[in-house]
Amino acid sequence: MTLLDIDEDWMCGIKICLGGTAPVVLISVYMPCSNYSNILYTDCIEKLHDTFNRYNDTNHCVIMGDFNAEIAGEKCASYSPVRGELLQDFITANGLCAANLLGSCEGPSYTFDPLKDHSVNTFID
């Protein structure tokens, strides 16, 4: 296992060499929450895109973490227009998928109820 050279406080990663197959790269992110501007979020998406492109050619890459955005899907009760679109564009451009939105994914429709009254629910982490 090798720590990836990523100089960001919101993103880190490791490379695992399994032998006989391409290494697996795990990239973990904690994207800016809604208290921060969409400009900062856009900058982070661009840096994530650059990082993914740097490692994806010769590795199997998995990106995980808290993206602080909602994208359209049957398990997504809400949708964040700017951040959701930026994240969906990143996913589409790189041929990725959001595993928690796949039809075969079982589990709750949401994991967080910030107001504790079921009026706003989000799928976290």
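This report describes how the chain is built, beginning with its strands and helices and then turning to its core and to a few single residues.

## Overall plan

The structure is a predicted model, and its chain of 125 residues contains 2 helices and 4 strands. Followed along the sequence, these elements come in the pattern β-β-β-α-β-α, with helix α1 covering residues 38-56 and helix α2 covering residues 81-93. Of the 125 residues, 33% count as buried, while the surface that the chain exposes amounts to about 7700 Å², of which carbon and sulfur atoms supply 55%. Among the contacts in the chain with a separation of 6 or more, 50% are made by residues 24 or more positions apart.

## The sheet

The 4 strands form an open sheet, in which their order is β1-β2-β3-β4 and the pairing is mixed. The edges of this sheet are held by β1 (2-3) and β4 (60-66), and because each of them has a single partner strand, one side of each is left without a neighbour in the sheet.

What does the mixed pairing look like from strand to strand? Strands β1 and β2 run antiparallel and are joined by 2 bridges, and strand β2 (residues 11-16) is also antiparallel to strand β3 (residues 24-30), to which 6 bridges join it. Strands β3 and β4, by contrast, pair in the parallel sense, over 7 bridges. The table lists some of the residues that face each other across these strands.

| Residue | Partner | Strand of the partner |
|---|---|---|
| Leu3 | Ile14 | β2 |
| Lys15 | Val25 | β3 |
| Met11 | Val29 | β3 |
| Val29 | Gly65 | β4 |

Val29 is worth following through the table, since this residue of β3 stands opposite Met11 and also has Gly65 in β4 as a bridge partner.

## The nonpolar core

In soluble globular proteins, nonpolar side chains tend to be buried together. In this model, the largest nonpolar core has 24 residues, and the members that touch the most other members are Val29, Leu48 and Leu87. The elements that give two or more residues to this core are β3, α1, β4 and α2, and α1 gives the most, with 6 residues. Val29 therefore has a part in two descriptions, as a residue with a bridge partner in β4 and as one of the core members with the most touching neighbours.

Which residues does Leu87 contact, once its neighbours within four places in sequence are left aside? Leu87 is in contact with Tyr41, Ile45, Phe67, Ala69 and Ile71.

## An aromatic pair between the helices

The model has 1 aromatic pair. The pair is made by Phe52 and Phe90, whose ring centres lie 6.2 Å apart and whose planes stand at 75 degrees, so the pair is edge-to-face; planes over 60 degrees apart are given that name. The two residues are 38 residues apart, with Phe52 in helix α1 and Phe90 in helix α2, and the pair thus links distant parts of the chain. Phe52 is buried, having a relative accessible area of 2%, and Phe90 also counts as buried, at 5% relative accessibility.

## Cysteines and other single residues

How many disulfides does the model contain? The count is 0, although a reader who looks along the chain will find cysteines, including Cys17 and Cys97. Cys17 counts as exposed at 55% relative accessibility, and Cys97 likewise counts as exposed, at 51%. For a reader new to the term, a disulfide is a covalent bond between the sulfur atoms of two cysteines.

Is Gln88 buried, partly exposed or exposed? Gln88, which has its place in helix α2, counts as partly exposed, at 28% relative accessibility. Its C-alpha atom is separated by 6.3 Å from that of Ile71, although the two residues are 17 residues apart along the chain.

Asn68 is found in the loop between β4 and α2, and with a relative accessible area of 24% this residue is partly exposed. The backbone angle phi of Asn68 is near 50 degrees, which is a positive value in a residue other than glycine.

Note on methods:
Residues numbered from 1 in each chain as written. Predicted model: local features only at pLDDT ≥ 70, side-chain atom pairs only at ≥ 80, totals over all residues. Heavy atoms only, no water. Phe/Tyr/Trp six-rings, centres within 6.5 Å; stacked < 30°, edge-to-face > 60°. Buried < 20%, exposed > 50% of the residue type's maximum accessible area, 1.4 Å probe, protein only. Disulfide = S-S within 2.5 Å. Pairing = 2+ DSSP bridges. Contact = heavy atoms within 4.5 Å. Areas by Shrake-Rupley, 256 points an atom, 1.4 Å probe, with all protein chains shown as cover. Core = buried A, V, L, I, M, F, W, Y, C linked by side-chain atoms within 4.5 Å.
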